[in-house]
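Visitor: Please give me a close look at the contacts in this model, beginning with the ligand and going on to the charged side chains. I should like each contact placed in its setting.

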Amino acid sequence: MKKFAVFGNPIEQSLSPTIHQMFAEQCEEVISYEKILAPVDGFVEKASSFLAQPEAVGCNVTMPFKLDAFNMANIDDQAAQDAQAANTLMKCPDGSIKGFNTDGVGLVNDLLNNNVQLENKRVLLIGAGGAARGVISPLLEASVAQLIITNRTLEKAQQISAAVSNSNLDVVALDDIAAIKPHITINSTAASLHQELPCHMSEALLDECEVVYDMVYKNSPTVFMQEAHKYGVKKRLDGLGMLVEQAAAAFSIWTGKQPKTNAIVNKVRELINNQ
Ligand code: NDP
């Protein structure tokens with residue numbers, strides 16, 4: 001049986017085993033997919049011993065190990081290279097490990113599934129952590145007119161912008177975001193996990209905004225989505241579809257099969273609503 005796992009710390013909350021078992025059933029694969037809690041300083045050892053098993057095909061990697069995963073793998077994938085972070089590892093026939101980052105394609109596919117046009121749009125990306133880094137090149141490749149990053153710690157956004165160096169990528173301080181008038185506003189911070197807003201939400205900021213996207217998902221709209229509703233933003237999406245889409249991209253890398261995601265997003269939504 002093909003073996004997979006997701007590594008993180010904490011990991012108990014992960015929906016990845018459920019999602020991948022649904023993909024496997026749909027694609028007629030028989031797999032095992034476990035959650036593995038790695039010590040904060042012990043990811044490489046744990047992942048290496050998992051992948052050394054003959055049946056092991058690959059694994060997913062979540063917080064806080066995406067940088068460790070990037071460093072332990074051979075990286076050909078441009079999104080992982082740009083993000084300097086890997087969320088998917090795959091064992092090659094010679095035993096070497098390849099690393100990928102599917103977060104960005106997950107976000108872009110979820111936006112497209114929800115009929116969000118990215119081409120020629122002005123996009124504000126709040127946050128400059130691993131999740132933000134993973135989505136920058138896929139958003140630029142989707143032909144957005146301008147991608148503007150802001151972050152509580154501005155230097156981190158400036159470092160990303162310097163590393164990516166693209167004329168459509170800009171950085172602004174949180175205090176200056178209202179002047180951007182984004183069409184799409186993406187919250188890639190962890191603020192919603194703590195019922196906090198990542199920035200000051202105002203009519204001035206949101207009056208041209210067509211869509212807000214919060215990478216965090218919960219069993220009810222996040223404070224960020226609620227605030228956007230208050231200011232009249234018509235489309236408010238959370239990160240559950242991104243979670244399923246990034247998983248689908250990983251499944252496809254491992255098996256060569258592309259699962260259909262629509263019904264699975266709905267099933268996972270039901271699961272979290274009943275939690
Ligand atoms: P990191 O720890 O790498 O970065 C956290 C980011 O959030 C930083 O930009 C940080 O700002 C910011 N931040 C944290 N708390 C606050 C706050 N109270 N106010 C403003 N900014 C804040 O985490 P990741 O980037 O890996 O993940 C971020 C979020 O995205 C997580 O909640 C995660 O669950 C979600 N995510 C969802 C995915 C999905 O598939 N739906 C995939 C990947 C991530 P600073 O730099 O100033 O500290």
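Guide: A polar contact is a pair of N or O atoms within 3.5 Å. The model under discussion is predicted. With that cut-off, K156 can be taken up at once: one of its polar side-chain atoms is 2.7 Å from an oxygen atom of the ligand. At A131 the atom concerned belongs to the backbone, a polar atom 2.8 Å from an oxygen of the ligand. G239 likewise offers a backbone atom, N or O, which lies 2.9 Å from a nitrogen atom of the ligand. The ligand is surrounded by 25 residues in total, and A131, N151, T153, K156 and E196 are the closest.

Helix α7 covers residues 154-164 and includes Q158. Q158 is partly exposed because its relative accessible area is 41%. Its C-alpha atom is 23 Å from that of N120, a residue 38 positions away along the chain.

The charged side chains come next. The salt bridges number ten. One of them pairs K35 with E12, and its closest N and O atoms are 3.7 Å apart. This pair joins distant parts of the chain, 23 residues apart: K35 belongs to strand β2 (residues 31-37), whereas E12 sits in the loop between β1 (2-8) and α1 (16-26). The partners are not alike in accessibility, since K35 is partly exposed at 33% relative accessible area and E12 is exposed at 63%.

A second salt bridge connects E29 and K257, with 3.0 Å between the closest N and O atoms. E29 is in the loop between α1 and β2, and K257 is in the loop between α10 (240-255) and α11, so this pair ties together parts separated by 228 residues in sequence. With a relative accessible area of 14%, E29 falls under the 20% limit and is therefore buried. K257, at 30%, counts as partly exposed.

A third salt bridge is formed within one helix. K230 and E227 are three residues apart in α9, about one turn of the helix, and their side chains meet at 3.3 Å, N to O. Here K230 is exposed, with 57% relative accessible area, but E227 is buried at 17%. As for connections between bridges, shared partners join K2, E29 and K257 into one network.

Helix α9 also leads to the second largest pocket. Residues 223-230 make up α9, which supplies at least two residues of that pocket's lining, as do β12 (235-238) and α11 (262-273). The pocket holds about 210 Å³ of space. Its lining consists of 16 residues, with M225, R236, L237, D238 and R269 nearest the centre. By character, the lining has seven polar, five charged and four nonpolar residues.

Key
Residues are numbered from 1 along each chain as its sequence is written. This is a predicted model: local features need pLDDT of at least 70, side-chain atom pairs count only at pLDDT 80 or more; totals for chains, interfaces and linings use all residues. Side-chain values use heavy atoms; hydrogens and water are left out. On a 1 Å grid over the protein atoms alone, a cavity is a set of points where a 1.4 Å probe fits but cannot get out, and a pocket is an open set with protein on both sides within 12 Å along at least five of seven lines; lining residues have an atom within 4 Å of a point. Grid points are joined across faces, edges and corners, and a volume is the space filled by probe spheres set on the points. Helices (H or I, at least four residues) and strands (E, at least two) are DSSP runs, numbered from the N terminus. Ala, Val, Leu, Ile, Met, Phe, Trp, Tyr, Cys and Pro count as nonpolar, Asp, Glu, Lys and Arg as charged, and the others, Gly among them, as polar. A salt bridge is a side-chain nitrogen of Lys or Arg within 4 Å of a carboxyl oxygen of Asp or Glu. Buried means under 20% relative accessible area, exposed over 50%, partly exposed in between (1.4 Å probe, protein chains only). A residue is near a molecule or strand if one of its heavy atoms lies within 4 Å of it. A polar contact is a pair of N or O atoms within 3.5 Å; within protein, one must be able to donate a hydrogen and the other to accept it, and residues adjacent in sequence count only if both atoms are side-chain atoms.
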